[in-house]
Amino acid sequence: MLCPACREENLEGKPLKGILKVKLPEALRNSKNENDPFDINNYLPVEKEFFPNLPVGNTPLIHANNFKSEFGFENVYLKFDGANPTGSYKDRASFLVSAFAKKFGFQEIVLASTGNAASSMAGIAASAGQKAFIFMPSTAPKAKLVQCLQYGATLIPIQGDYDKAFDLSLKFSEQTGFLNRNTAYNPMTIEGKKTSSFELVSQLKNIDYVFLPSGDGVVLSGVIKGFLDLRFIGVIKNLPKIIAVQAEGSRFLFDAFHYDKWDLQYKADTVADSISVNVARNGYCAVADLKTVDGDVVLVSDDEILSAQILLSQKTGIFCEPSSAASFAGLLKMKETTSKDATVVCLLTGHGLKDIDSAIKKVNFPKTFPPDLEIISEALKLNN
Ligand SMILES: *Cc1c(COP(=O)(O)O)cnc(C)c1O
């Protein structure tokens with residue numbers, strides 16, 4: 001999957017070199033203008049006939065109209081990818097990997113995951129009649145492990161972190177010849193993750209900012225690739241400002257982007273498990289892509305993430321997982337320097353029910369009551 005010359009330089013525990021990119025054919029350059037309708041399927045590298053039979057993508061974009069009174073922002077939009085079939089943005093990548101596997105006759109798909117890529121690939125493989133082999137840290141949130149098993153995948157819980165699982169799964173697919181879906185490594189993952197940009201451009205005119213959570217940096221490169229493709233075909237002229245948000249405890253891209261530091265020995269530690277990586281596997285590409293489009297990376301603390309999560313739940317009715325709330329926490333962090341009438345999109349990449357152990361941290365469980373309305377009303381202070 002990697003460029004044969006660059007792959008020789010790859011070392012365990014480092015960002016991957018030689019990641020391949022899908023290029024649109026030259027004939028599509030400026031083939032559209034800003035008002036033309038377009039069909040995303042014409043800009044994907046696998047034909048529709050190979051797609052699994054699950055409705056991935058086309059997720060809702062919600063105007064957060066409470067945020068004017070709350071923060072002065074008029075136009076904040078939340079793209080809720082928790083609405084995907086397995087509950088996360090990862091379905092966009094798994095969908096295309098599954099289609100690619102079908103087209104080229106692979107029955108088995110291998111991957112390493114912090115949790116969501118695994119539950120996603122498991123579900124989509126189930127729908128396509130393929131077999132998924134999953135290397136996942138045994139400490140992943142339970143719901144994500146259970147999803148994999150429900151969908152009938154072969155789960156290999158690893159006594160080690162995601163980075164260990166990543167390297168092991170690469171060796172396993174080399175030994176078996178099974179298709180590897182690892183994020184960044186398989187170019188279909190970036191390509192699948194570009195689809196939200198195509199949807200956004202259809203859902204909303206003139207987007208100024210896109211905030212997105214970032215771990216390995218594949219959502220980041222995917223979203224950028226989507227906007228670059230849209231500019232290439234002539235549908236947009238200007239790109240929105242792309243802001244990647246990382247957790248303070250998992251800041252590989254932040255340090256690489258701002259300080260050109262690549263060699264630090266990180267041990268990621270954050271409540272946002274889906275963006276918890278020691279090494280951003282797509283690091284070289286993600287930083288280069290971000291520089292190309294003049295984007296930025298910001299950091300948020302675990303407490304800012306959990307506060308953003310519950311604020312979203314209570315002000316918008318959208319319950320997303322901590323990693324997703326990081327994008328909104330990033331906007332709050334930059335609220336002084338972000339114009340109040342800018343059109344801002346936050347990508348909310350996963351569903352809150354995937355990790356209730358984290359969500360519990362900001363709520364108080366009420367004490368139990370006897371089945372007696374008088375006592376209950378008294379306690380709720382509805383009597384006075
Ligand atoms: C995977 C994931 C991300 C981050 O994606 P990367 O490509 O690793 O940067 C963010 N949010 C959720 C919910 C995810 O599952």
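Across the interface of domain 1 and domain 2, the rule finds 8 salt bridges. The model is a predicted one. One salt bridge pairs Lys103 with Glu47. Their closest N and O atoms are 2.8 Å apart. Polar contacts also cross this interface: 26 residue pairs, with both partners at pLDDT 80 or more.

Two helices belong to this picture. α6 (187–192) and α7 (195–203) each give at least two residues to the side of domain 1 that touches domain 2. That side of domain 1 is mixed in character, with 14 nonpolar, 14 polar and 13 charged residues.

Now the layout of the domains. Domain 1 is built from two segments, 40–87 and 190–362. Domain 2 covers 90–188. Their C-alpha centres lie 22 Å apart. The contact draws 41 residues from domain 1 and 34 residues from domain 2.

| Domain | Residue range | Residues in the contact |
|---|---|---|
| Domain 1 | 40–87 + 190–362 | 41 residues |
| Domain 2 | 90–188 | 34 residues |

Next, the area. The size of an interface is often given as the accessible area lost when the parts come together. Here domain 1 and domain 2 bury about 3,100 Å² between them. Carbon and sulfur atoms carry 55% of that area. Within domain 1, the residues losing the most area to domain 2 are Thr86, Arg281 and Lys354. Together these three make up 22% of what the domain 1 side buries.

Methods: Residues are numbered from 1 along each chain as its sequence is written. This is a predicted model: local features need pLDDT of at least 70, side-chain atom pairs count only at pLDDT 80 or more; totals for chains, interfaces and linings use all residues. Side-chain values use heavy atoms; hydrogens and water are left out. Domain bounds come from an automatic or database domain assignment. Contact means heavy atoms within 4.5 Å. Buried area is the accessible area (1.4 Å probe) that two parts lose on being put together, summed over both. A salt bridge is a side-chain nitrogen of Lys or Arg within 4 Å of a carboxyl oxygen of Asp or Glu. A polar contact is a pair of N or O atoms within 3.5 Å; within protein, one must be able to donate a hydrogen and the other to accept it, and residues adjacent in sequence count only if both atoms are side-chain atoms. Helices (H or I, at least four residues) and strands (E, at least two) are DSSP runs, numbered from the N terminus. Ala, Val, Leu, Ile, Met, Phe, Trp, Tyr, Cys and Pro count as nonpolar, Asp, Glu, Lys and Arg as charged, and the others, Gly among them, as polar.
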